[in-house]
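Open the structure in your viewer and keep the selection tool at hand. The stops below say what to select and what is there.

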Number of protein chains: 2
Amino acid sequence: MKTRTPPTLNVPCAGCKRLRRKCTADCIFVPYFPATEPEKFAEVHRVFGASNVTKMLRDIPVSQRGDAVSSLVFEARTRLKDPVYGCVSTMAALQHQVNQLQAELLAARAENASLGAQLSEVMLLLSTVTPRASTSAQSLEAGNSVDVAITSAFDRCYSPGPIVS
Amino acid sequence: MKTRTPPTLNVPCAGCKRLRRKCTADCIFVPYFPATEPEKFAEVHRVFGASNVTKMLRDIPVSQRGDAVSSLVFEARTRLKDPVYGCVSTMAALQHQVNQLQAELLAARAENASLGAQLSEVMLLLSTVTPRASTSAQSLEAGNSVDVAITSAFDRCYSPGPIVS
């Protein structure tokens, strides 16, 4: 019994064109390496090799092959730009940024805690010399405006909203 | 004139052992793929192919080849663990962490600014009702202890140290 061979494509994919071979309808590269983007295949071929890329794609479900090709192209491109570190240098830079941001966040939170403590301390002292708005209405008329302003500030400051934790 | 061939090694490197070939003293893999760590070569061979690794190493100065091998082993290992995304998934996770930390830092700094503004406002109001320590010494004895405590808090709070910017 004769096996039916898949039809040859008139326009080969970028992979088959580069490898100078006939491109058929069932070629694994066809959906991901169109002839219009020859550099995509050239890059993964130079870094991973066509045979390794074929093996890797065969081991991945069809629904995920597009993502796999994108990540392979990205890695290959980065390796060609930086032959010593490849995308590991990008990862190191990101890790450095994470460490720096974590340190800045820690400092900002410490500053937050310090400001919050100072504010509490001042409000506590203020409460010992300034009667609350409820009682201030009965105080001497001359002191009223400042007293109410302080009480209002007191109320605002004692509910400053959640401190970022 | 006969070219002198480099001596064959008794213990081949992991690369030559896997490729079943004679390993010589000038083999490019020898310094980086010792026979004691066969998995290192196996991993880069599966992902990049021995021929591509050889080409990549030849194009890199000897002083940087060790770093290049380390980054290739890392990339290969990550690709074997995650065949779809390889180390791109680690990069995406780090980028996500950076975005999250930046948002948290922004919120913490906004909270800092708000607390700082509240503190300034309260201290300003406090200064209108409480004389400074320099003048408080001349005030009535009964008011002195609270007044000095507030002035001391005032001085502390008006120089709370640099706010993280």
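The tour begins with a whole chain, moves to one helix, and ends at a pair of helices from two chains.

**Stop 1: chain A as a whole**

Keep in mind that this is a predicted model. Select chain A and colour it by secondary structure. Chain A has seven helices and zero strands, so that from the N terminus its elements read α-α-α-α-α-α-α. Chain A holds 165 residues, and 30% of them count as buried. Among the contacts in chain A with a separation of 6 or more, 39% are between residues 24 or more positions apart.

**Stop 2: helix 2 of chain A**

Select residues 38–47 of chain A, which form helix 2. Which residues of helix 2 of chain A are buried? They are A:K40, A:F41, A:V44, A:H45 and A:V47. Show their side chains, then add the elements they pack against: helix 1 (14–18), helix 3 (50–58) and helix 4 of chain A. Helix 3 (50–58) of chain B belongs to this list too, so show chain B as well. Just after helix 2 of chain A, pick A:G49, which has a positive phi of about 85°.

**Stop 3: helix 2 against helix 4**

Keep helix 2 of chain A and add helix 4, residues 62–81 of chain A. The axes of these two helices are 8 Å apart, and the helices pack at an angle of about 70°. An angle from 65 to 115 degrees counts as roughly perpendicular, and helix 2 of chain A is therefore roughly perpendicular to helix 4 of chain A. Their crossing is left-handed.

Now select the residues that make the contact:

- from helix 2 of chain A: A:K40, A:E43, A:V44, A:R46 and A:V47
- from helix 4 of chain A: A:L72, A:V73, A:A76, A:R77, A:R79 and A:L80

Colour them by class: six are nonpolar, five are charged and none is polar. A:K40, A:V44 and A:V47 were also among the buried residues of helix 2 of chain A.

**Stop 4: helix 5 of chain A and helix 5 of chain B**

Select residues 88–129 in chain A and in chain B; in each chain they are helix 5. How do the two helices run, parallel or antiparallel? Their axes come within 8 Å and cross at roughly 20°. Angles under 35 degrees count as roughly parallel, and helix 5 of chain A and helix 5 of chain B are therefore roughly parallel to each other. Helix 5 of chain A passes helix 5 of chain B in a left-handed crossing. Colour this contact by class too: it has 22 nonpolar, 14 polar and six charged residues.

Notes. Residues numbered from 1 in each chain as written. Chains lettered and ligands numbered in written order. Predicted model: local features only at pLDDT ≥ 70, side-chain atom pairs only at ≥ 80, totals over all residues. Helix = DSSP H or I, 4+ residues; strand = E, 2+ residues; numbered from the N terminus. Buried ≥ 20, exposed ≤ 12 C-beta atoms within 10 Å, placed from the backbone. Contact = placed C-beta atoms within 7 Å. Axes fitted to C-alpha atoms, helices over the stretch in contact; angles between N-to-C directions. Parallel < 35°, antiparallel > 145°, perpendicular 65-115°, else oblique. Left-handed = near helix turned anticlockwise from the far one by under 90°. Nonpolar A, V, L, I, M, F, W, Y, C, P; charged D, E, K, R; others polar.
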